[in-house]
Amino acid sequence: MTILLYLTIYASASVFACACLFRAVRYARIPIHLRWELYPVPHEEPERVKHGGSYFETGDWWKAPRRFSLAGELRFMIPEMLFLKGLWEFNRKLWYRSFVFHFGLYLLIATLGIAVVGALFYLLAPTWMAAGWVGLFQISCKITGAAGSLLAVVGSLALAHHRLRDPGLRIYTTAGDLLNLAFFSIALLVLSAGYLARGPSAPDLLAFARGLITFDPNLEVPVPFASGLLLAALLVAYVPLTHMSHFIAKFFTYHSIRWDDAPNRRGGKLEAKIAEYLTYRPTWSAAHLAADGRKTWAEVAAHNPAQEGRK
Amino acid sequence: MSKQIKPGDMARTDGKPLLHLENSDLMALPGPFADRALDPAWAPLPAQTRENYECLLDDTCAVNVPHPKTRKEEEDLVRSFLSGLDKLFTKENNWTFLQPLILTMEHCARCQTCSQSCHIFEAAGGSEIYRPTYRSEVLRRLYFKFVKKGGLVSAWQHGDIHINWPLIARLIELAYRCNLCRRCAQTCPIGADNGLVAHELRKLFSQEMGIAPKELHDRGSMLQLKVGSSTGMNSVVVKDNIQFIDEEMTEKTGIKVETPWDVEGADVLLIHNAGEILAWPENPGAFAVILNAAGISWTLSSDLAGYDSINYGLWYDDAQFARVAIKHAEAARKLGVKKIVLGECGHAHKSLSVVADRILSGDLNIPRESSMTFLRDIVMSGRIRLDPSRNDFPVTLHDPCNMVRLMGVVEPQREIVRKICPRFREMEPHGVDNYCCGGGSGFAIMSGNNFPDWRFHVSGRKKLEQILDAFADCLDPAIPKYICAPCSNCKGQFRDLLAYYDLWEKHRIFYGGLAELIVNAMVDVERGFIEWEWH
């Protein structure tokens with residue numbers, strides 16, 4: 001039974017990793033698009049970021065060295081990732097619910113991280129753990145786990161309630177959206193209840209993580225706790241299969257689209273990439289396109305439908 | 001007004017529009033228009049239009065798609081749409097925007113954060129069909145059902161939709177109820193882009209089905225590719241017109257004005273929106289005065305499209321877009337200029353500087369610069385003598401979306417205005433947070449049926465509010481006021497919007513470009529370049 005639980009958790013983690021990787025690779029392999037940036041672009045010079053300016057504000061901009069401020073991007077990204085700054089600015093009503101939910105998830109991820117690191121310490125430096133570090137890991141797990149579960153459950157219920165109450169959201173809400181939120185609530189409630197009801201002799205999260213890493217068949221996990229772990233594992237596998245994998249999408253929508261202001265230079269890498277796309281053979285049907293599936297994109301672009309037959 | 005229209009209602013077969021708006025449904029206006037009775041009445045859509053064309057969305061009709069005559073024709077149109085839908089998601093057909101489109105399709109959380117940022121949705125009192133996610137949701141459901149071949153599970157996860165000709169006919173119109181200002185995309189926490197969705201739908205209709213508003217296609221990009229300009233001016237006519245402008249400017253300024261044509265090896269090829277030459281000749285005239293006074297080596301080009309910077313393909317068709325951009329670059333290459341400077345036209349700025357950047361390779365990749373920075377560098381260099389007291393009237397600055405939010409040219413025009421206009425005041429919000437004038441994405445030149453009524457009441461309403469607020473302290477008609485709009489299409493919208501609400505007659509609110517303000521302040525020019533006369 002315990003082994004089956006371990007296998008499910010490893011399988012779920014594998015599905016999660018593979019699905020995330022698959023999605024990221026799929027997006028990364030789509031051809032580079034035409035420029036479509038939106039300002040402000042935070043890697044611009046700080047003085048420019050303040051008003052949303054670009055290098056186009058410089059006369060003869062192509063002669064000036066291109067500045068790229070990683071610090072500028074981080075200044076934008078960290079508050080966005082941790083505190084959902086955009087939502088705070090543009091949709092405060094939703095932020096109260098969404099932030100609670102997402103921050104709860106962050107705490108749960110932290111709990112998982114602490115448990116795994118603690119388990120590794122157990123295995124690699126048992127004397128340290130015996131010297132009292134174990135208590136630190138246990139209390140950290142308890143605090144982040146309890147707070148994370150509470151916030152994520154409250155947040156998911158609040159989001160579901162908001163989706164059903166707000167007319168602007170309700171008509172766009174599908175059964176799938178509600179299931180997603182319900183899945184979070186149920187998995188975390190079962191996990192929390194199972195953990196709290198597990199009894200003094202049952203393993204805590206740290207001990208379970210150690211068992212998971214060592215594949216310990218003797219670890220006895222009570223059924224309610226095991227059910228919670230099982231549901232949580234399935235949830236982890238499910239997330240990247242849905243639009244909830246926006247943590248992957250967001251990398252591309254920001255770095256590859258909104259902030260992609262890289263100019264095309266003669267003889268540069270971009271030019272070489274685009275040259276490949278210009279050999280594609282479009283098949284659009286409208287007559288003025290003259291895209292018969294034989295002409296390349298470059299030939300279609302060089303064609304003048306208004307002067308056909310004129311020489 | 002029904003606000004509870006659902007995405008599935010797009011397929012309704014009752015032959016009725018989904019939405020009817022009354023003035024009382026619209027966002028309230030400030031100041032003199034707080035009294036809704038002063039809001040002009042809408043012209044009804046002509047019965048003949050309804051009889052001949054698909055007008056199933058709202059109170060107007062932008063595209064004029066004829067009714068299919070037979071059941072078979074209707075089925076063919078649906079098939080053609082589905083074929084285009086497939087192509088929209090292949091790299092061979094749509095490498096140009098595939099990545100942002102797929103990310104938007106697959107990751108919009110429908111949280112509606114974007115809704116409050118949309119001036120059209122707000123101005124229309126929150127009408128559901130104008131919500132930025134509404135048209136996206138229709139496309140998203142079609143994408144999962146027909147492109148991803150989703151079954152029942154997909155329908156349950158993403159929502160189902162029934163496809164028929166009425167849905168497609170409505171979607172054609174709905175693609176033209178968005179200014180493509182992308183203010184919605186700016187606020188999306190995930191980075192989804194509902195403005196892009198309208199753009200991609202327009203492309204599908206044009207590139208696969210051959211459907212686009214005649215103002216953009218037949219009389220727009222096709223005419224430009226045929227004679228050189230969407231104004232219909234060929235190179236002989238444009239030279240005549242510029243000569244006339246030179247003469248008028250010489251008379252008006254007291255300085256000999258001469259516009260150079262086709263000068264090989266000039267430093268700068270200046271490309272105006274040719275609409276300026278016909279509608280606002282003082283703008284290209286002012287450029288000539290400034291550039292000559294500053295001793296710039298510059299030229300205009302008489303090559304096909306070389307004298308008209310417009311590129312309407314940006315709004316509806318990638319092929320037409322690329323063709324015109326290439327013509328612009330070829331004109332510069334032929335003359336061997338060091339750079340292209342784009343006149344006061346927002347979409348021309350974004351077209352040639354930003355969006356076409358990756359299409360123009362090799363010797364077609366000629367540096368392009370904004371006239372905002374170019375003029376700023378001239379003004380700040382001290383090469384022309386300026387007297388700000390000549391511009392001693394309230395001035396506010398409109399930010400063309402294509403130039404500001406979508407290109408990041410924000411400060412140069414402000415540096416100029418702050419230097420030469422002592423009574424400058426900002427609109428709120430401004431800069432990259434600006435609101436579209438309401439004429440963006442081609443609307444300013446689309447005047448069929450009663451579309452202008454929609455353009456003024458709905459898409460232009462937020463800008464009207466901003467103008468009234470910016471001049472709230474000086475609405476007295478004794479005080480002339482100036483909206484500086486460094487974009488030809490925006491100026492077209494302002495001209496029509498101000499006339500519609502009678503703001504020149506009632507409050508002396510005028511509009512014009514940036515170059516005119518500079519020449520108006522030039523010490524070496526006779527006073528009164530800006531004439532304060534409504535044309």
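1. The domain assignment of chain A gives domain 1 (2–30 + 84–241) and domain 2 (278–307); such bounds come from an automatic or database domain assignment. Taken over C-alpha atoms, the centres of domain 1 and domain 2 of chain A are separated by 51 Å.

2. Please keep in mind that this is a predicted model: local features need pLDDT of at least 70 and side-chain atom pairs count only at pLDDT 80 or more, while totals for chains, interfaces and linings use all residues. Residues are numbered from 1 along each chain as its sequence is written, and chains are lettered from A and ligands numbered from 1 in the order in which they are written.

3. Now have a look at helix 2 (residues 71–88) of chain B, where helices are DSSP runs (H or I, at least four residues) numbered from the N terminus. Its 18 residues reach 26 Å from first C-alpha to last, close to the 26 Å expected at 1.5 Å a residue, the expected span being 1.5 Å times one less than the number of residues.

4. B:Phe81, B:Gly84, B:Leu85, B:Lys87 and B:Leu88 of this helix are buried (20 or more other C-beta atoms within 10 Å of the residue's own, with C-beta atoms placed from the backbone; exposed means 12 or fewer, partly exposed in between). They lie on the same side of helix 2 of chain B because they cover an arc of only 160° around the axis, judged by the directions from the helix axis to the C-beta atoms. On the other side, B:Arg71, B:Lys72 and B:Arg79 are exposed.

5. Finally, the two chains meet: 76 residues of chain B are in contact with 70 residues of chain A (C-beta atoms, placed from the backbone, within 7 Å). Helix 4 (residues 98–107) gives the most to chain B's side, with seven residues.

Definitions and conventions:
Helices (H or I, at least four residues) and strands (E, at least two) are DSSP runs, numbered from the N terminus.
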